[in-house]
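This report introduces a protein model to a reader who has not met it before. Please keep the sequence and the structure at hand while reading.

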Amino acid sequence: MAKALSETLADDVRAALTAVLGDAARGADPLIRPSDHADFQANGVLPLAKALKGNPRELATRVAAALVPSAGGADADPPPAATSGVIAAVEVAGPGFLNLTLTDTALGAQAAERLGDPRLGVPAAGVGQTTVIDYSQPNIAKEMHVGHLRSTVIGDALVRLLEFNGHTVVRQNHLGDWGTQFGMLIQYLVEHPDARLADVDHSGEAAISWLTALYRDARAEFESDTAFADRARKRVVTLQGGDRESLAVWQKMVAESKRYFEDVYARLDVRLIDADAVGESFYNPYLAEIAADLERRGIAVWSNGALCVFFDDIAGPDGEPVPLIVRKSDGGFGYAATDLAAIRYRVNTLKADQILYVVDSRQALHFRMVFEAARRAGYLPEHVEAVHVQFGSVLGPDGKPFKTRAGQTVRLIELLDSAVDHAVATVEEKNPQLDASQARAETRLVGIGAVKYADLSTSRTKDYIFDLDRMVSLHGNTSVYLQYAHARTHSILRKLPAGTTPRVHAGVPLEPAERKLALHLDDFGASLATVVENFEPHRLASYLYALAQTFSDFYDNCPVVKAPTEPVRENRAALVRLTGDTLRLGLELLGISAPEQL
């Protein structure tokens, strides 16, 4: 695996600091940062000088001499024994900063090491760690809407990123398949057998049309007929008691809902499959046991007829404690009981080292209480990390929660279809020669990618405005801009003279735009590490957008096909190929396709 040049520089500067200061500098952070005045800047001398009460500029001068003893630091000079030899020149700036310029040889060697490697030199640092990710979470017998978009898209990106990082990832789609509404739906089907869906093959859209109509009709009867409402409530008890007829109807609704969910996931190109679906009903057999265990150990107590867990530092606006309700006053179980049972199962059975919940920010208090209660009970050991990966809302152009003109929640399938429709003009503008089938395929890739990228390029904790015109634009920070940059790399490589091989030639001087591109490509692994550490896909999107911009500058200033010499052409072709490979892999890790032609 290729070591980033910034890491190599950190080792070199640390070695020079130790050579100058001895033990006083051991373990010091050199504070390597990109610089506008050189390739990198090392800022670690200042805090060390302050701690030692020394002159920072004098100390920086001594460290610079230890790094590159020869004046000017030419490539031909032998490097100091304690360092790697990647530094061409060091300049002391300001009160004690070190401006570091790398050798062209070092930049070329890094590009050569990554070229052709499917992982682009990035190590799988998470091998041996099991992560359970809970995301998407639609409800049975209900259509997925815009509110499910962020959980599904962010969760899928995290799955891809963590798997690439070496984690064993267990996907968990926590379906809402248990609760009061199922008594209403089942009772309606029992009393209206003609409303049942025929047992024939059908699409997900047919399934959700049936479920939507069923819910509408059942709700209308529930609200207008008190006798039916009473029978529906009794049906809930019958279902929970394991009645065969009730379970059969319930299972039919679950199966039809899953068929629809799979259709949506296929359109979105996310990795959730039926085997990942674990509904609330799965944990139902464990809820009484959880409640009894918490009560017996004094973790949960009875209050106003409900079994609750209280917390010293959590109170409402009136100053009264806010409880986590494990069992309600009517004897039913709250979401907390299910979530506690799920944590115990994921730790004990799935062997999770880390559990991620990709759920919107409004549930922050709930998860804070659930995690603390699980810690008290020992269901969540200290060595297991539980993280609420929270996110903001999708807003309409008016800055309010995204709704239809009639004030209804936007159906997710309608939203995706609209995105594909909006992408038609973009695809036609860039490549009007495409035949109809190719155009349809690329339009889908562009439209779906645009929706996903708009979500993932936004810091997940922030709200964002859903604007399809901006999303499918060829300009600005959009997936279309990145897809076009990727397609351009393939176009350049297709135009190379016969016999040209993208490869790095040592000793070929690099133009400033080439150096800038090589440096940005070298930062891919470090950027991914930050993304994984903080569960922030938007940082990968930012890296890719900056890469596309840097590549555009390179394209404008460094001719590839018409390069002055064959070695220069092959050097530049290597940078083009590595750029294309990095854009493709980066987009794939976000769950977005990167077509070779656009």
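## A histidine to begin with

Is His520 buried or exposed? In this predicted model, His520 has a relative accessible area of 17% and is buried, because a residue under 20% is placed in that class. His520 belongs to helix 17, which covers residues 512–522, and once its neighbours within four places in sequence are set aside, His520 is in contact with Tyr543, Ala546, Leu547 and Thr550.

## The chain as a whole

The protein chain has 598 residues, of which 52% count as buried, and its secondary structure comes to 20 helices and 13 strands. Measured out along the principal axes would be one way to picture its extent: the C-alpha trace spans about 95 × 65 × 40 Å. Among contacts between residues at least 6 apart in sequence, 74% join residues at least 24 apart.

## Nonpolar cores

In soluble globular proteins, nonpolar side chains tend to be buried together. Here the largest nonpolar core has 150 residues, and Leu98, Met253 and Phe466 are those with the most contacts inside it. A second core, separate from that one, has 37 residues, including Leu324, Ile343, Tyr379 and Leu380.

Phe466 can be followed further through its own contacts, which, leaving out residues up to four places away in sequence, are with Leu149, Val394, Leu395, Pro397, Phe402, Leu415, Val451 and Met471.

## Aromatic rings and charges

The count of aromatic pairs in the model comes to 15. One of these is formed by Phe282 and Tyr345, whose ring centres are 5.0 Å apart and whose planes stand at 70 degrees, an edge-to-face arrangement. Phe282 lies in the loop between helix 9 (244–268) and helix 10 (287–296), while Tyr345 lies in helix 11 (residues 335–348), so the pair ties together parts that are 63 residues apart in sequence. Both rings belong to residues that are partly exposed, Phe282 at 35% relative accessibility and Tyr345 with a relative accessible area of 21%. Together with Tyr283 and Tyr286, Phe282 and Tyr345 form one aromatic cluster.

Charged side chains also meet aromatic rings in this model: the charged end of Arg344 sits over the ring of Tyr379, 5.7 Å from its centre, and Arg488 lies over the face of Tyr555, at 4.3 Å from the ring centre.

## Two parallel strands and a helix

Strand 10 (residues 354–360) and strand 11 run parallel and are joined by 7 bridges, with Ile355 standing opposite Ala386 in strand 11. Strand 11, which covers residues 385–391, is mostly covered, since 5 of its 7 residues are buried. With helix 12 (residues 364–377), strand 10 and strand 11 make a right-handed β-α-β unit.

## A loop residue

Where is Leu31 found? Leu31 is in the loop between helix 1 (5–21) and strand 1 (32–34), and at 22% relative accessibility Leu31 counts as partly exposed. Apart from residues up to four places away in sequence, Leu31 touches Gln41, Ala42, Asn43, Gly44 and Pro47. The C-alpha atoms of Leu31 and Ala441, which are 410 residues apart along the chain, are separated by 47 Å.

Notes: Residues are numbered from 1 along each chain as its sequence is written. This is a predicted model: local features need pLDDT of at least 70, side-chain atom pairs count only at pLDDT 80 or more; totals for chains, interfaces and linings use all residues. Side-chain values use heavy atoms; hydrogens and water are left out. Helices (H or I, at least four residues) and strands (E, at least two) are DSSP runs, numbered from the N terminus. Buried means under 20% relative accessible area, exposed over 50%, partly exposed in between (1.4 Å probe, protein chains only). Contact means heavy atoms within 4.5 Å. A nonpolar core is a set of buried Ala, Val, Leu, Ile, Met, Phe, Trp, Tyr and Cys residues joined through side-chain atoms within 4.5 Å. Rings of Phe, Tyr and Trp (its six-membered ring) pair if their centres lie within 6.5 Å; planes under 30 degrees apart count as stacked, over 60 as edge-to-face and the rest as tilted. A charge sits over a ring if NZ of Lys or CZ of Arg is within 6 Å of the ring centre and within 35 degrees of the ring normal. Two strands pair if DSSP finds at least two bridges between them. A crossover is right-handed if, with the strands pointing away from the viewer, the path from the first strand over the helix to the second runs clockwise.
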